[in-house]
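Here's a quick walk through this protein, starting from the inside. Have a look at the model first, then read on.

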Amino acid sequence: MRELDELDKKIFGLLAGNGRASNLEIAGKVGVSEKTVRQRIRRLIERDGMRVVATMETPAAASRLIVLVRVEPGQRFVVAGRLASMPQVEEVHLTTGAYELIVVASFGSDSDALDFYVRHIEQGPGIKESLSTHVVETITQSTATRPDHFAQFDEQAAKAGSTAELLDLACDVATASLGADRVHVATGNVQPDDPAPSEWPSLMRWRGLSSRYVAEILTKGRAEGIVLPNIVKHNQHVFVADARTDPLFRSVADLVLSEGFHSWMGMPVRDGGARRGTLCLYWDTVITCGEDLVRRTQELADLLGKHLSRRA
C-alpha cells in the first residue's frame with residue numbers, strides 16, 4: 001500500500017468518522033473542490049483498498065460490575081477459571097498486589113448484578129475477600145467534556161441554612177432534573193449489622209411518597225435487611241425495573257402495589273470513602289436504566305455527599 005499524502009489522510013479520517021458525509025461536505029472541510037474529493041475517494045477505493053462500511057454500535061449492558069478478588073492460597077487459577085466460564089463475565093485479569101484477580105462482568109439489570117455478586121463472589125469457593133464497584137460511565141476522548149447538570153443545586157446547597165433544607169433541595173432537583181416521580185433521601189452512616197440500627201437514618205425528606213410507605217419500608221428494612229441495607233453494605237447503586245415483580249422487593253410487594261410506583265433506583269450518598277446516606281428515586285412506570293441516568297443520579301448523590309460532609 002502506498003503512503004497516503006496529507007489530503008488523502010484528511011479525507012480518509014472524515015469518512016472514518018462519518019461514512020455518510022457527502023463529497024461536497026468533505027470538500028468544504030479540506031479546502032479543495034468537490035471534483036478533487038470525488039477523484040481522491042475513487043482512487044482510495046480502487047487503488048488503496050479503502051472501504052466505507054456500516055456498523056451498529058452495541059448497546060451497553062444495563063449494569064456493569066468490576067470486582068477485585070482476593071483468593072485463598074493456591075486457588076488463583078481455579079477461581080479465575082470458574083469465574084471466566086460464566087456467561088456474565090467478560091474478562092478475568094490475573095494481577096499483582098493486594099488482589100489477585102480483577103473481574104469485569106455485565107448484566108441485564110442491577111438486581112442480576114447483585115445476585116451474581118452474592119452467589120458467586122461473596123459465597124464463591126476459594127474467595128477470601130472482594131471489593132466491587134459499578135461502572136457508571138466509560139469516558140472517552142469524545143465524552144470527556146460534559147456539561148454540569150447541577151451547578152444551580154451546588155450553588156444553592158452551599159447556602160442552605162440546615163441539613164433539612166439541603167435534603168429538600170436534593171428532592172427538588174431529583175424530581176425536576178432526573179425525571180423521577182417520587183424521591184426519598186436520608187442521612188446517616190450505618191452497616192446492616194450495626195448493633196443500634198434505630199439510630200439510622202438520622203434525617204429523611206421525601207416527595208410524592210406517603211408517610212405510611214416511608215414508615216413501613218423503614219421498619220421492614222431494619223427487620224428483614226432488604227434492598228436499602230444492601231446499598232449501604234455494597235456501597236453501589238441498585239436499579240429495579242419493576243419493583244412489583246422483582247425478587248428484591250418480594251417481601252414488600254403489597255406495599256409497593258398500594259403506593260403505585262414501578263421502577264426504583266437506590267444510590268449511596270458518599271463523600272470519598274465516608275457514607276453519608278442514601279438517595280432513592282421512584283418512577284410510576286417501568287423505565288429502562290441507561291448510563292446517563294445512573295451518571296446524573298450519581299453526580300447528584302456526590303454533590304449532596306460533599307455538602308453533607310461540611311455539616312458533619
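How many nonpolar, polar and charged residues are in the lining of the largest cavity? In this predicted model, the lining has 5 nonpolar, 4 polar and 3 charged residues.

That cavity holds about 70 Å³ of space, and the protein has 3 cavities of 30 Å³ or more. Its lining is made up of 12 residues, with A62, S63, V135, E291 and V294 lying nearest the centre. Strand 1 (63-71) and helix 11 are the elements that each give two or more residues to the lining.

Now for the overall picture, in a small table.

| Feature of the protein | Value |
|---|---|
| Helices and strands | 11 helices, 9 strands |
| Buried share of the 312 residues | 42% |
| Contacts joining residues at least 24 apart, among those at least 6 apart in sequence | 65% |
| Accessible surface | about 16,500 Å² |
| Share of that surface belonging to carbon and sulfur atoms | 51% |

Helix 7 is worth a closer look. Helix 7 runs over residues 163-177, and at 1.5 Å a residue those 15 residues should span 21 Å; the end C-alpha atoms sit 21 Å apart, so the two agree. Its buried residues are A164, L166, L167, L169, A170, C171, V173 and A174. In an α-helix there are 3.6 residues a turn, so residues three or four places apart point the same way.

What covers the buried residues of helix 7? The cover includes helix 6 (151-158) and helix 11 (291-310), along with strand 5 (182-187), strand 6 (203-207) and strand 9 (274-283). After helix 7 comes G179, with a positive phi near 75 degrees.

Terms used: Residues numbered from 1 in each chain as written. Predicted model: local features only at pLDDT ≥ 70, side-chain atom pairs only at ≥ 80, totals over all residues. Heavy atoms only, no water. Helix = DSSP H or I, 4+ residues; strand = E, 2+ residues; numbered from the N terminus. Buried < 20%, exposed > 50% of the residue type's maximum accessible area, 1.4 Å probe, protein only. Contact = heavy atoms within 4.5 Å. Areas by Shrake-Rupley, 256 points an atom, 1.4 Å probe, with all protein chains shown as cover. Expected span 1.5 Å × (residues − 1). 1 Å grid on protein atoms, 1.4 Å probe; cavity = no way out; pocket = protein on both sides within 12 Å on 5 of 7 lines; lining within 4 Å. Points joined across faces, edges and corners; volume = space filled by probe spheres on them. Nonpolar A, V, L, I, M, F, W, Y, C, P; charged D, E, K, R; others polar.
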